[in-house]
Amino acid sequence: MESTILFPSVLSDNLPVAFWVTDLDLQLTWITASPVLESLLAGPGSVRMLGNRKVLDLSYPQHPNVVAHLKARRGEVVKWKTGPNQSLWACVAPLFDKEGATVGLSGAAVDMSELQAERSQRESLEFLVRMVLKNGGYGMAVTDQDGYVVFADDEYCKILNREKSELLGSKGPIAPRAQAELADMKDSPHREGNVSSQGKFRITHTPLRTFDGRTMTCHLARRQSAEDEVTQELGGLYEALFLEASNPMVLLNRDGTIKKANGKFCEILEEKESRVCGTSVYDWLTQESADKVHGLFENKPGELCSGLDIIVTGSLGRRFIMHCEVHMSRERSSGNSHVLLLANSWRSSALRGAPKKLDDLDRKILEMIAQGKQNSEISGSLCISRQGLDYRIKRLRDILGADGRGALVARAYFLGMLCPEQWPPKVSADNLQPCF
């Protein structure tokens with residue numbers, strides 16, 4: 001039959017669609033649909049059996065499926081919704097022969113239940129977000145990639161004391177001085193304080209990317225109470241005192257991760273703050289010192305422990321002995337415990353530790369020097385220039401505090417980087433944590 005070519009069953013097998021054809025007596029002459037869709041189309045009382053064929057039951061003219069087919073038989077193209085929760089969207093139209101005479105009806109239906117469920121879930125989430133924003137005192141606006149407001153809720157307009165008609169289509173939610181910063185911002189939120197006639201408020205600007213790659217920005221505004229101002233000022237003061245303190249200070253999470261380290265502590269480690277925060281404090285300590293710090297977390301919040309001596313090893317092997325005061329604290333909001341280490345005194349150790357990082361080339365050079373090989377042999381074997389090798393050897397001597405090649409090898413054995421019982425010499429796998 002020609003209609004079976006027009007509507008192959010593979011479509012209904014892989015998509016939530018149904019196709020059918022009836023004659024002018026509304027008998028179904030052909031249908032392709034999943035069993036579920038076919039039962040939904042039949043509906044209660046709208047289809048009955050006529051011999052071995054199904055036919056629309058004209059004794060139920062009030063049923064939307066029957067009504068639609070009756071209208072289509074009179075020459076109309078009819079669209080309607082049927083099934084549970086009106087989840088089936090259907091259409092039926094006259095079917096003509098080559099001379100233009102109506103010979104039957106053709107119909108199609110799409111199951112929209114999944115889409116409706118997703119839409120319902122999205123609407124519920126949107127309602128939840130609106131309630132959270134409203135109850136939390138937040139207002140929200142969204143700007144497009146050119147900075148023009150495409151959405152603003154009522155609370156946002158109230159906080160900024162602006163009419164919605166005035167905000168939409170304008171560049172209202174961003175103060176001029178933040179425009180340049182937002183243009184360079186990637187995925188990091190940018191906060192800014194502002195003042196309207198309704199009082200002080202703060203806006204958080206967060207960049208968003210749509211599914212088609214466009215960049216938009218979400219702006220969350222919240223009124224700032226007097227308590228918020230005091231908390232913010234104190235927080236800024238405490239952070240400034242911590243970061244600018246002349247004594248080394250480091251704040252640790254319960255697992256030993258460095259949450260924050262001030263400039264003096266990073267100076268001792270010979271690293272930038274960005275490369276210290278997030279690392280484990282135990283990576284910078286000798287084993288004995290690491291055991292001492294690990295035991296601190298058994299103390300109760302608020303307890304003060306003074307007189308703790310620890311040995312810290314910097315990136316290039318320089319060691320410091322610190323006499324620290326320790327304070328335990330607990331965050332009120334999360335209940336997480338922290339340890340603050342404040343060094344009251346510190347001095348450089350005469351002994352140096354192994355560097356925190358020796359790359360593979362440095363290790364091979366050290367091994368070959370310990371074997372007694374000359375520079376020409378080393379550079380040829382490792383395919384590096386003589387100048388490059390000289391630089392590497394000088395760097396190794398600086399790291400290990402050695403004056404010459406012999407002292408370099410001796411220091412490597414002393415620090416446990418080379419094993420005296422192994423030949424040819426080989427840098428041990430755990431050389432990053434030498435004995436002390």
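# Notebook: V250, two cores, one pocket

**V250.** I began with V250, which sits in strand β13. The model is a predicted one. Is V250 buried or exposed? I found V250 buried, with a relative accessible area of 1%. The cut-off for buried is under 20%, so V250 qualifies. Next I looked up its partners, leaving out residues up to four places away in sequence. V250 touches F242, I258, K260, A261 and F265, and also V339, L340 and L341. I checked A261 separately. Its C-alpha lies 4.4 Å from that of V250, while eleven residues separate the two in sequence.

**Largest nonpolar core.** I then turned to the cores. The largest nonpolar core holds 28 residues. L252 and I310 have the most contacts inside this core. Which elements give two or more residues to this core? I listed strands β13 (249-253), β14 (258-261), β15 (304-313), β16 (319-330) and β17 (337-348), plus helices α10 (263-269) and α12 (287-296). The most comes from β16, with five residues.

I followed I310 further, setting aside neighbours within four places in sequence. I310 is in contact with L285, S289 and V293. Its other contacts are F320, I321, M322, C324 and L341. L341 also appears among the residues that V250 touches.

**Second core.** I noted a separate core of 19 residues. A370, L382, L389 and A412 are among its members.

**Second largest pocket.** I put its volume at about 330 Å³. The lining comprises 14 residues, and R130, M131, L133, F151 and D153 are the closest to the pocket centre. Elements giving two or more residues to the lining are α5 (113-135), β8 (138-143) and α6 (154-160). Which of them gives the largest share? Helix α5 does, with seven residues. I sorted the lining by type: seven residues are nonpolar, seven are charged and none is polar.

**Backbone oddities.** I looked up two residues with positive phi. Most residues other than glycine have a negative phi. E270 has a positive phi of about 60° and is not a glycine. E270 lies in the loop between α10 and α11 (273-276). I found E270 partly exposed, at a relative accessible area of 33%.

C383 is another non-glycine residue with a positive phi, near 60°. Where is C383 found? C383 is in the loop between α14 (375-382) and α15 (386-400). At 69% relative accessibility, C383 counts as exposed. The cut-off for exposed is over 50%, so C383 passes.

**Confidence.** I checked how far to trust the model. The mean pLDDT of the protein is 76, and 77% of the residues score at least 70. Where is confidence lowest, and where highest? Helix α8 (residues 176-184) is lowest, at a mean of 44, and strand β6 (residues 88-96) is highest, at 91. The pLDDT is below 50 over residues 175-187, a stretch with 19 contacts in the model beyond near neighbours in sequence. Residues 431-436 also have a pLDDT below 50, with 23 such contacts. Where pLDDT is low, the predicted coordinates should not be read in detail.

**Whole protein.** I closed with the totals. I counted 16 helices and 17 strands. Of the 436 residues, 37% count as buried. Among contacts between residues at least 6 apart in sequence, 43% join residues at least 24 apart.

Key
Residues numbered from 1 in each chain as written. Predicted model: local features only at pLDDT ≥ 70, side-chain atom pairs only at ≥ 80, totals over all residues. Heavy atoms only, no water. Core = buried A, V, L, I, M, F, W, Y, C linked by side-chain atoms within 4.5 Å. Buried < 20%, exposed > 50% of the residue type's maximum accessible area, 1.4 Å probe, protein only. Helix = DSSP H or I, 4+ residues; strand = E, 2+ residues; numbered from the N terminus. Contact = heavy atoms within 4.5 Å. 1 Å grid on protein atoms, 1.4 Å probe; cavity = no way out; pocket = protein on both sides within 12 Å on 5 of 7 lines; lining within 4 Å. Points joined across faces, edges and corners; volume = space filled by probe spheres on them. Nonpolar A, V, L, I, M, F, W, Y, C, P; charged D, E, K, R; others polar. pLDDT = per-residue confidence, 0-100.
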